[in-house]
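Colleague: Please look closely at one part of this model for me, the place where a helix of one chain packs against a helix of the other, and set out what surrounds it.

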Amino acid sequence: MTMANVSMPADEPVRRNASAVTAHRWLYALMEAEGPAVLRMLWRILGNEADVLDAYQDCFCKLAGMDKKPKIRQARAYLFRTAANIAIEFIRVRKRQKKHAGAILDVHADRNGESLMPQEALERERAIASLHEAIDQLPAHLRNVLLVRDFSGKSYKEVAEILGIDKATARVYRRTAIVKLANLLQEGSAS
Amino acid sequence: MNDEAPYPDNSHCPRRAWVLDQLADDESIKGQCRPSSAVQLHLARCETCRMASEELLATNELLADVIAATPSDALLRDADRRATQAIQAGAKPSRRIDLSRIPEESRRDSGPADSILVRYPEIRWLYERRQIIAASVVLMALVGFSALLHVWKGEPNIAEIELKRVDRHPVTWPADNPPSKKVAPATPQITGGRFVANSRPAKSVRRDPVRDASLEHVGSSQRAFPIPEIEESKTSLLKTMSNGLREFLIDTRLTVDSTSPNSPEERSRNEE
């Protein structure tokens with residue numbers, strides 16, 4: 001069964017049956033603790049409600065599919081890395097879409113609920129799309145730091161814990177990521 | 001920093017990395033702090049660093065714009081509910097390539113494997129094991145090729161098979177029953193070439209001096225004991241060969257005298 005088959009009633013409260021709660025107790029605890037940060041990260045990367053919901057569900061389904069319960073630190077790291085990878089995969093699919101569709105306004109239309117002029121909105125969305133593409137081109141270790149630090153709003157200490165690196169290293173990686181991002185954006189605009 | 005002179009060739013500014021490092025800090029992105037006076041002073045003098053810093057600040061602004069977006073609580077509740085239901089239903093993570101969201105043209109350009117897998121998701125297991133399948137196919141091809149090579153080389157003909165059989169069953173004459181001279185005329189016809197091997201005694205056969213003395217008058221090529229079926233096969237082989245030769249000669253318009261001096265009848269008549 002894929003997640004496309006799972007129906008989602010609009011206003012039904014979250015009900016968890018007893019056996020599922022027992023089997024995935026750690027997962028629900030993780031969802032409560034880290035769910036907002038993961039959702040924030042996905043929302044900032046994807047900016048589209050449907051995509052965010054899909055990616056969020058995918059993250060936890062992947063965790064639920066693990067053979068044995070991981071340690072909490074491993075689970076956190078796995079969750080954020082999975083979320084980042086899924087978001088990047090979405091960006092790649094969008095890139096393919098953009099090649100042919102042309103209209104990218106509808107993809108990010110509900111990001112902030114702002115009503116911009118069509119030209120301004122188009123420029124902004126183009127800039128954001130190019131930023132996403134540049135993030136996709138970053139090396140994985142830099143990208144993960146950038147996403148967990150800036151897009152999910154974690155502190156350097158938490159970033160270091162989640163990614164298993166030193167706090168100072170995380171800081172250096174992030175700076176390097178920003179500089180590389182600027183270079184990539186410049187190259188993109190030049191080309 | 002007041003003694004800092006402008007660089008004639010700004011493309012090689014040694015302080016560029018330092019400047020960008022200072023500007024790429026989090027606080028400068030969030031606008032919580034301004035660049036230090038040293039950085040500002042350098043930027044005022046170095047055009048390359050100024051241009052690079054402008055690009056970096058533009059990136060920072062864009063990043064800050066993206067980061068400012070915050071999801072609503074309703075979205076979080078929806079996401080939690082949906083993920084919970086999916087976990088309870090035992091849903092597996094889906095592929096990110098959603099057919100309904102990708103236009104037809106894009107689907108065609110997304111690579112043959114993706115497009116095929118999107119259309120036929122049931123063969124995904126086959127695609128995931130493609131390396132094993134490729135290795136099996138190569139192995140099967142190698143086996144098939146070697147079998148083909150074996151067939152192509154050809155099977156040994158009937159004469160070779162018979163020779164091997166005779167080699168495996170070498171029989172010597174018993175001492176009290178030496179071969180008669182009548183047997184001898186048949187053997188010269190088959191002694192030439194590879195048929196000599198028939199007469200090679202087996203290593204396991206004991207040498208009997210008495211028997212050997214009685215067989216001294218018989219040539220080494222005539223010591224083989226004639227086994228009936230072997231003799232039959234030899235005769236049939238010779239008949240086949242002679243028939244084939246005759247047909248060949250007839251075809252080439254050469255006449256064959258059936259009462260040639262080499263025929264057995266003529267030979268026995270000459271002996272008499």
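Modeller: What follows starts from that helix pair and then moves outward to its surroundings.

This is a predicted model, in which local features need pLDDT of at least 70 and side-chain atom pairs count only at pLDDT 80 or more, while totals for chains, interfaces and linings use all residues. Residues are numbered from 1 along each chain as written, chains are lettered from A and ligands numbered from 1 in written order, and side-chain values use heavy atoms, without hydrogens or water.

Helix α3 (residues 49-64) of chain A and helix α5 (residues 73-88) of chain B pack at an angle of about 40°, with their axes 9 Å apart; helices here are DSSP runs of H or I, at least four residues, and axes are fitted to C-alpha atoms over the stretch in contact, with angles of 0 to 180 degrees between N-to-C directions. The two helices are therefore oblique to each other, that is, neither under 35 degrees, nor over 145, nor 65 to 115. On the α3(A) side the contact (heavy atoms within 4.5 Å) includes V52(A), L53(A), Y56(A), F60(A), C61(A) and A64(A), together with charged residues, among them E49(A) and D54(A). On the α5(B) side, the residues taking part include L75(B), L76(B), A79(B), R82(B), A83(B), A86(B) and I87(B). By type, the residues of this contact divide into 12 nonpolar, 1 polar and 5 charged.

Two residues of α3(A) repay a slower look. F60(A), leaving aside residues up to four places away in sequence, touches A83(B) and I87(B), but also L27(A), L30(A), M31(A) and L79(A) of chain A. A64(A), also in α3(A), counts as buried at 19% relative accessibility, the cut-off being under 20% (1.4 Å probe, protein chains only). With its neighbours within four places set aside, A64(A) is in contact with H24(A), L27(A) and I87(B), and its C-alpha atom is separated by 9.7 Å from that of W26(A), although the two residues are 38 apart along the chain.

The surroundings can be followed through the largest nonpolar core, which has 76 residues. Y56(A) and F60(A) are among the members touching the most others, along with L42(A), L146(A) and F151(A), and helix α2 (residues 25-46) of chain A gives the most to this core, with 13 residues. L146(A) and F151(A) are also among the buried residues of α6(A), and because 10 of the 12 residues of this helix (residues 140-151) are buried, α6(A) is largely enclosed by the rest of the structure. Just after α6(A), G153(A) takes a positive phi of about 75°.

For chain A as a whole, 50% of the 191 residues count as buried, and of the contacts between residues at least 6 apart in sequence, 66% join residues at least 24 apart.

A residue of chain B elsewhere also touches chain A: T59(B), in helix α4 (residues 47-67) of chain B, counts as buried at 2% relative accessibility. Outside the four places on either side in sequence, T59(B) is in contact with L181(A), A182(A) and L185(A).

Key
Core = buried A, V, L, I, M, F, W, Y, C linked by side-chain atoms within 4.5 Å.
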